[in-house]
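Notebook open, viewer open. I'm jotting down what I look up as I go, starting with one loop residue and working outwards.

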Amino acid sequence: MTVARLGCVLAAAVLTGCAAYGPPRAGETIHRNVVYADRDGRKLRLDLYVPARPRPAPLVVWMHGGGWKYGHKGFNLQVRDLTREGFAVASVEYRLLGAGRWPAQLDDCRDAAAWLRQNGHTFGIDARRMGFAGESAGGHLAALLGAVEGRGKIRAVCALYPPTDLVAMGERYSAFGRVSVFTQLFGGEIRDRRSAARAASPVTHVSRRSPPFLLYHGDSDALVPLSQSESLHRRLREAGVDSTLHVLPGRGHAFPLDDAQLAEVADFFRRRL
C-alpha cells in the first residue's frame with residue numbers, strides 16, 4: 001500500500017463515519033460535551049446517551065477510530081443504537097497525535113472510565129457494569145484497556161478490526177519512515193521503539209484476568225490485516241478467556257455493523273454486564 005493510498009483509506013474511514021446524531025429518541029436523554037478531564041487547560045469531553053430505565057443502565061464506552069490521528073467522539077458511533085437495548089453509551093474524546101504522543105490516548109480513555117465510575121450514577125448509569133468497544137485505533141484502545149485493567153474493572157470488550165500487535169504493525173509500515181503513523185505514535189522508527197510498541201500491544205497483556213472479547217474483522221482488510229485479530233483471539237483462548245472472532249468474507253477496513261451484528265453485540269454485553 002502506497003503512502004497516498006494509506007492516507008486515502010484513513011481519510012475515507014473518518015469521513016464515512018462523520019455523522020451528526022439528531023435529537024434524543026423517545027425516553028432517551030443525551031448529555032453532550034460533558035467534561036471528564038483537563039489537560040494543560042484543554043478540556044476533554046464525552047457524550048452520554050442514556051435510555052429511560054427504572055434502574056441505572058449498564059454502560060458501553062466507545063472509542064472512535066481514525067489511526068490515533070483523526071476522528072471525533074461523534075464519528076461513526078457504531079454502538080449508538082445500543083440505547084434501544086437498555087444500555088447507556090459514552091463516546092469519548094481523547095487527544096489525537098497532534099495534541100499528545102502515546103500514551104496520552106490511553107491515559108485519556110482510562111481517565112474517562114475512572115470519571116464515569118465516580119460520576120455515572122448522577123446520569124442514571126451503573127458504571128460498575130462497564131464494557132468497552134471501539135473500531136480500528138479505538139478498538140486497539142478498548143482491547144488494550146480491557147487486557148491491562150482486567151475484568152474486575154472492564155467486564156467485556158467488543159473490538160472492530162483492531163491493531164493488536166503494534167510491533168508487527170510498525171514493521172508492516174516501516175518503509176514509510178516518518179510518514180508512518182506508528183513512527184508518529186511512538187516518536188521514532190519501530191526498530192528503535194520496539195519496547196514501547198510491545199507495551200502498547202493488547203496481545204502483550206492478555207492473561208486469565210482479561211475480560212471476554214467479541215471481535216469483528218474483514219478478511220480483505222488491507223489496512224489492519226486479519227492476523228491482528230486472530231493473534232489476539234488465539235492468545236485469549238490460550239489464556240482460558242472467552243473470545244469470539246467473526247471473520248467477514250470480502251470485507252475491508254472500517255465496515256459498519258449491520259442490524260444482525262449489532263444484535264449480537266447487544267446480546268454479548270447483555271450476558272456480561
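**Entry 1: Asp-258**

I started with Asp-258, which sits in the loop between strand 8 and helix 8. This is a predicted model, so everything here is read from predicted coordinates. Is Asp-258 buried, exposed or partly exposed? I get a relative accessible area of 37%, so I'm calling Asp-258 partly exposed.

Next I looked at what its side chain does. Asp-258 caps the N-terminal end of helix 8, with a side-chain oxygen 3.1 Å from the backbone nitrogen of Ala-260. The backbone nitrogen of Gln-261 also has a polar atom of the Asp-258 side chain 2.7 Å away. I checked one long-range partner too: Gln-78 is 180 residues away from Asp-258 in sequence, yet their C-alpha atoms are 9.5 Å apart.

**Entry 2: helix 8**

From the cap I moved into the helix. Helix 8 covers residues 259–270, and I wanted to see if its length adds up. Its 12 residues at 1.5 Å each should span 16 Å, and the end C-alpha atoms are 16 Å apart, so the two agree.

Which residues of helix 8 are buried? My list is Gln-261, Leu-262, Val-265, Ala-266, Phe-268 and Phe-269. Looking down the axis of helix 8, I see these buried residues fall within an arc of 160°, so they line one face. That fits the textbook picture: an α-helix has 3.6 residues a turn, so residues three or four places apart point the same way.

On the face turned away from the buried side, I noted Asp-259 and Ala-260 as exposed. Then I asked what covers the buried residues of helix 8. The cover includes strand 3 (57–63), strand 5 (125–135), strand 6 (156–160), strand 7 (213–218) and strand 8 (243–248).

**Entry 3: Leu-215 and His-233**

Strand 7 was on that list, so I picked Leu-215, which lies in it. Leu-215 has a relative accessible area of 0%, so it goes down as buried. Beyond four places in sequence, its contacts include Ala-159, Pro-162, Leu-232 and His-233. For a pair that stays apart, I took Gly-100: 115 residues from Leu-215 in sequence, and 28 Å from it C-alpha to C-alpha.

His-233 was worth its own look. I found it in helix 7 (residues 226–238), and at 16% relative accessible area it is buried. Its side chain makes a polar contact of 2.8 Å with that of Ser-243. Leaving out neighbours within four places, His-233 touches Leu-215, Ser-243, Thr-244 and Leu-245.

**Entry 4: aromatics**

How many aromatic pairs are there in the whole structure? My search turned up seven. One of them is Trp-68 with Phe-182, edge-to-face, at 5.6 Å centre to centre and 70° between the planes. Trp-68 is in the loop between strand 3 and strand 4 (88–92), while Phe-182 is in helix 5 (residues 181–186), so this pair ties together parts 114 residues apart in sequence. Both rings' residues, Trp-68 and Phe-182, are buried. I also traced a cluster in which ring pairs link Trp-68, Tyr-173, Phe-176 and Phe-182.

**Entry 5: how far to trust it**

Last, confidence. Mean pLDDT for the chain is 92, and 92% of the residues reach 70 or more. Where does pLDDT stay under 50? I found that over residues 1–20, where the model has 26 contacts beyond four places in sequence. Note to self: where pLDDT is low, the predicted coordinates should not be read in detail.

Technical notes
Residues numbered from 1 in each chain as written. Predicted model: local features only at pLDDT ≥ 70, side-chain atom pairs only at ≥ 80, totals over all residues. Heavy atoms only, no water. Helix = DSSP H or I, 4+ residues; strand = E, 2+ residues; numbered from the N terminus. Expected span 1.5 Å × (residues − 1). Buried < 20%, exposed > 50% of the residue type's maximum accessible area, 1.4 Å probe, protein only. Arc of directions from axis to C-beta. Contact = heavy atoms within 4.5 Å. Polar contact = N/O pair within 3.5 Å; in protein donor to acceptor, adjacent residues only side chain to side chain. Phe/Tyr/Trp six-rings, centres within 6.5 Å; stacked < 30°, edge-to-face > 60°. pLDDT = per-residue confidence, 0-100.
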